[in-house]
Structure formats: structure tokens, C-alpha cells
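The following note sets out a few points for consideration. They should be read alongside the sequence and coordinates.

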Amino acid sequence: MAAMDLFGRRWALRILWELRAGPLGARTLLARCEGLSSSVLYQRLRELTTNGIIAPSANGYELTRLGAALSHALQPLNEWAITWAQAQAQEQNDQNPAEA
């Protein structure tokens, strides 16, 4: 349950998703996560670091071995989200055919 509390915090999963391809600095993370404040970013970075999910690196922050394993586990969720978004768009088109 502690993991759900950590990952359920706003922006935590998005930060992990952005770090999946390699290390990023805080400024880059802020730019990629539109709407994320610097104070929340640094709070999440601290929490994720304390819990061994990410680690500071020469290039900013990077996933640890545990974080990389979590990143792989998020891929099916991302695939489901794409399918869901497409279904939502299709349903919207079906309800409003004149706007399509």
C-alpha cells in the first residue's frame, strides 16, 4: 500500500515516465511536465530518491534498477491508456457525427 501512496501522488508517475529513456535535469522535467511547479517537482524528486526509485546523476536524475523495473511495468498501462483515449474519441465522434 505504501507504493500506491507514493505513486498516487500527483506528478510522481509522470516524472518516472519522463525518466524512462535516460537521465534528465530538473529544468527539462519542468518543461516536459506542463503545469508542474518547481516546489512539487523537488518534493517528488526527494520522495522518489528517498524510496530508491530514482537517484541523482551527473546529468540530473535517473531511474535506479527498481525504478527501471517499474518503468517496464508502466508500459502496459500506457498501451491501455492509448486504447482508452482512442475509444473515448470514437465515442465522441459517434455522439457528434456532424463535428467529425
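1. E47 touches L6 and R9, leaving aside residues up to four places away in sequence. The model is a predicted one, and these contacts should be cited as such.

2. E47 is part of helix α4. The residue counts as buried because its relative accessible area is 16%, where the cut-off for buried is under 20%.

3. Which other residues of α4 are buried alongside E47? The buried set of the helix comprises L41, R44, L45, E47 and L48. They lie on the same side of α4 because they cover an arc of only 165° around the axis. On the other side of the helix, S39, R46 and T50 are exposed.

4. The cover over the buried residues of α4 includes the helices α1 (2–7), α2 (12–18) and α3 (26–32), together with the strands β1 (54–57) and β2 (60–63).

5. As to geometry, α4 spans residues 38–50, 13 residues in total. From first C-alpha to last, the helix reaches 18 Å, close to the 18 Å expected at 1.5 Å a residue. Just after α4, G52 adopts a positive phi of about 75°.

6. A separate point concerns the surface. L77, W80 and W84 make a nonpolar patch of about 370 Å². Of these residues, W80 lies in helix α5 (residues 65–95). Is W80 buried or exposed? W80 is classed as exposed because its relative accessible area is 52%, the cut-off for exposed being over 50%.

How values were computed
Residues numbered from 1 in each chain as written. Predicted model: local features only at pLDDT ≥ 70, side-chain atom pairs only at ≥ 80, totals over all residues. Heavy atoms only, no water. Helix = DSSP H or I, 4+ residues; strand = E, 2+ residues; numbered from the N terminus. Expected span 1.5 Å × (residues − 1). Buried < 20%, exposed > 50% of the residue type's maximum accessible area, 1.4 Å probe, protein only. Arc of directions from axis to C-beta. Contact = heavy atoms within 4.5 Å. Patch = residues over 30% accessible without salt bridge, like charges linked within 9 Å, V, L, I, M, F, W, Y side chains within 5 Å. Areas by Shrake-Rupley, 256 points an atom, 1.4 Å probe, with all protein chains shown as cover. Salt bridge = Lys/Arg side-chain N within 4 Å of Asp/Glu carboxyl O.
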